[in-house]
Amino acid sequence: MPHTFSRNDPSHNLRKQMMTRRNTISMFGNRLTQTIRQLGSLSRVGIALLGIGFAAHGFHAEEVHAEERASGSDAASETESNADPNAALLVADSIAKDLRYLTSEELAGRSAVGPEILKAAEYIADRYREMGLETRLYGDSPMQPVEMATGSQPTSAEDNGLRWWMPGEEPSEIQLDDQFMPLAIGSTQGDVEADIVWVGYGIQAPDLGYDDYAAVNESQSVKTADGEGSVEGKIVMMLRKEPGFADPESPFDGVKNTRHAFFDTKISTAIDQGAVGVLFVNDPASIELGLKAVDNQYAAEDRRLNALLAQRNALPAEATNLRSSLTEKIDQVQEMLGNRERERARANWGLLGVAEAGTRPRKGDEKITDPHTGKSTRRPAIPVASISREAADRLLKQMASISAADDDEGSNSDSEDSRTIFAKGLAAVEAAIDSDYKPRAIDSPGLRGRLKVGLTNATATSPNVIGVLEGKGKLADETVVIGAHYDHVGMGGIGSLAPGTIEIHNGADDNASGTATMLAVANRVVSELSDQSDHRRIVFIAFTGEERGLLGSKYYCSQPRFPMSKTVTMLNMDMVGRLRDNELTVYGTGTSDGFESLIQGLNSDMEQTSRPFKLNLVSTGYGPSDHASFYEAGVPVLFFFTGLHSDYHRPSDDFEKLNLDGMTRITDIVSQAANRVATMEQRPSYTQTNKDFQIRRQLSVVLGIRLDPETNSVAAVMDPSAAKQGGIQVGDQLIKAGDRTIRSTNDLREELRPKSPGDSLRLTIQRDGNEMDLDVRLRAR
């Protein structure tokens, strides 16, 4: 029979031990609660506020709601009077200490493949030892090494670049990040000097009547020796994709790429033809997409800046701390926006990313035989790079000038035609090929180049950090995992949502908050289970590589320290530092039959120690965090989360913006969930859930009305506000927001949740017996 998490469980007694002390609310939380109690008289009209918030010294208070103010009963006040805030303060202080280190500049954003991740790992290991957790799990270490593909990175500007020259002229040069980028699909180290040859699209497809290499061979004034390719010992320059892109009448597919468009095919063909280096030139359609992506990113930053400015302008004069915080954030966004033109210029170059063509060096397809050993191997990889269209244009025009000099000695009509086209540059050559699907080649003897490529290894090792509280009694052989990832996105780049910014991303909420809360939970669980005679093993894991695709948790599930068959539940904390509106989202409540009632019961019990959350329960066990690795391995999961926000994966995700009161209360509910699962007699059953999920976003806009929850009529309109500007009046009956029928304040909040400042929202209201539609432009909260 599935376990139903009854309050008759022995584990429920753990909760009773805590009823006489208020262990999950800070002094700031006490002051806020008293303020709410004093506002209790307003709740007589049952009004819910939409879009009013408080903040002080980085502790973000929750939005005030009628049902919360109504909870200011005599019974609740009596519970508070018996509560001891000192325990909560100790938890908050411990969380704050851990957060300050994990978000420090010393850790440089905790990239999973940077040296700083090891400092964070050692810190977490020391904290485990302080609590008395067992850390001698891999020899004498708590570190489970995880090897992860990082994608090769350029070593230095000195090791990467292209220099070319013609007889009698000054050399030209492009360098790393300045119209040149090495590609990981080529050899990691290379320094070759050779003639540069244009090979069109680098395609050899005689069955389709198209062969760039045959055209190059035909154009050459000095024919190659028998058995040698037309580009033997040369650096080849080629276009990305294939002729007739998006033309269904092309000899290729036109609508979709054939194998001739693939990087692998182009490079292996060049290697088999004897080339010693490859230069890729991006196509206009791909560059246009890149430009749109940059423009979209910066448009989002524009909207974010406008929202922040509006929020700052709406502040009262006395809100000096919040004004300072907003000003700092505004300065950061404006600095990002200052990179707009530089990023657009880079996008116009059309440089491919290091790993965009592939992450492993591509060899040739042909076999070569060692004359001494008789062993056959494929032709080895060669250096490959991406160059800007601007540089390619210059090279083609120089090829035309070389051809012109040769024509003076004896021209022919074919070479003259080629010279005319190539003299017009890259776009003209592309257009000529696409006009009749015939290769265009040019003889350019003497255009010499030196191609240098230097890339790092494509893998790195980074640790999961594991601490264990051993089980006792008849349940000792089973395991509960409590985890949080401790890596972030380092200095930006991959994973950052701040375009063009190379700056420390401290990742306070994502996920120093989860890591610090996990450590607080560990401290609590160690203490509270110490007197239990029967409980499961608790394994605490700080996961690495979450930001790179849940790599740490996936690795643990494939190489577990304790059997997955005996792992009964995994509790995950990711982004738990920005509790707002008192909303706590818990995913995975459908992954075991009793999980929903478990969380609801624990939350109700919080009335006696602090204050219940407004829970958003989501049944699915899937999603973009480490719990998903365990759920896919057959383990029931619970994932605690406080929502996405505008600082996500940006340098502005800082310690000062975290809600320590909220994290302290989350420590409480997670600890109690862990204790209950650790001590129940029967392990939780595993239930399959739907794979569909939507990550919950914090409310970022304000409408500016107060609703009577009984009648749904507008009880007040703030001035100034979006509602006031949009024509909403007191007494209007709210019927719809967008396409959503509004039956409660929560319905309206859910319609507002995915909206951004500046978005338009259609409201259907009833006024004086008549329905009417009003368009309201939403403002930043």
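How many nonpolar, polar and charged residues does the lining of the second largest cavity have, by class? The lining has 7 nonpolar, 1 polar and 1 charged residues. Nonpolar here covers Ala, Val, Leu, Ile, Met, Phe, Trp, Tyr, Cys and Pro; Asp, Glu, Lys and Arg are charged; the others, Gly among them, are polar.

This is a predicted model: local features need pLDDT of at least 70, side-chain atom pairs count only at pLDDT 80 or more, and totals for chains, interfaces and linings use all residues. Residues are numbered from 1 along each chain as its sequence is written, and side-chain values use heavy atoms, with hydrogens and water left out.

**View 1. The second largest cavity and its lining.** This cavity has a volume of about 40 Å³. Its lining is made up of Leu703, Ile705, Val714, Ile728, Asp732, Gln733, Leu734, Leu763 and Ile765. Two elements, β27 (733-737) and β29 (760-767), give two or more residues each to that lining. Strands are DSSP runs of E, at least two residues long, and helices are runs of H or I, at least four; both are numbered from the N terminus. A cavity is a set of points, on a 1 Å grid over the protein atoms alone, where a 1.4 Å probe fits but cannot get out; lining residues have an atom within 4 Å of a point. Grid points are joined across faces, edges and corners, and the volume is the space filled by probe spheres set on the points.

**View 2. The largest cavity and its lining.** The count comes to 2 cavities of 30 Å³ or more. The largest has a volume of about 50 Å³. Arg580, Asp581, Glu583, Thr585, Thr642, Gly643, Arg696, Arg697, Gln698, Leu699 and Arg753 line it. By class, that makes 1 nonpolar, 4 polar and 6 charged residues.

**View 3. Phe640 in the largest nonpolar core.** The core holds 62 residues. Of these, Ile482 and Phe640 touch the most other members. Helix α15 (residues 508-528) gives the most to this core, with 10 residues. Apart from it lies another core, of 43 residues, including Trp164 and Trp349. A nonpolar core is a set of buried Ala, Val, Leu, Ile, Met, Phe, Trp, Tyr and Cys residues joined through side-chain atoms within 4.5 Å. Buried means under 20% relative accessible area, exposed means over 50%, and partly exposed lies in between (1.4 Å probe, protein chains only). Beyond residues up to four places away in sequence, Phe640 touches ten named partners in the list that includes Asn572, Met573, Leu584, Val586, Ile599 and Ile669. The count "ten" in that last sentence is my own tally; the list itself is Asn572, Met573, Asp574, Val576, Leu584, Thr585, Val586, Ile599, Ile669 and Val670. Touching, or contact, means heavy atoms within 4.5 Å.

**View 4. Asn282 and its partners.** Asn282 sits in the loop between β12 (277-281) and α9 (284-313). Its relative accessibility is 6%, so Asn282 counts as buried. The side chains of Asn282 and Arg240 are joined by a polar contact of 3.0 Å. Such a contact is a pair of N or O atoms within 3.5 Å; within protein, one must be able to donate a hydrogen and the other to accept it, and residues adjacent in sequence count only if both atoms are side-chain atoms. Neighbours within four places in sequence aside, Asn282 is in contact with Arg240, Ile287, Gly350, Leu352 and Arg389.

**View 5. Glu390 in helix α12 (residues 389-410).** Glu390 is partly exposed, with a relative accessible area of 43%. Leaving aside neighbours within four places in sequence, Glu390 is in contact with Gln179 and Trp349. Asn348 is 42 residues apart from Glu390 along the chain, and their C-alpha atoms are separated by 8.9 Å.

**View 6. Val468 in strand β17 (residues 459-469).** Val468 counts as buried, at 2% relative accessibility. Its C-alpha atom and that of Ile538 are separated by 5.8 Å. The two residues are 70 apart along the chain. Without neighbours within four places in sequence, the contacts of Val468 include Leu133, Leu137, Ile538 and Phe562.

**View 7. Backbone angles at Asp719, Pro720 and Ala108.** Most residues other than glycine have a negative phi, and most peptide bonds are trans. A cis peptide bond joins Asp719 and Pro720, with omega about 5°. Pro720 is in the loop between β26 (714-717) and α20 (722-726). Ala108 has a positive phi, near 50°. Ala108 lies in the loop between α5 (85-102) and α6 (116-131).

Note on methods
1 Å grid on protein atoms, 1.4 Å probe; cavity = no way out; pocket = protein on both sides within 12 Å on 5 of 7 lines; lining within 4 Å.
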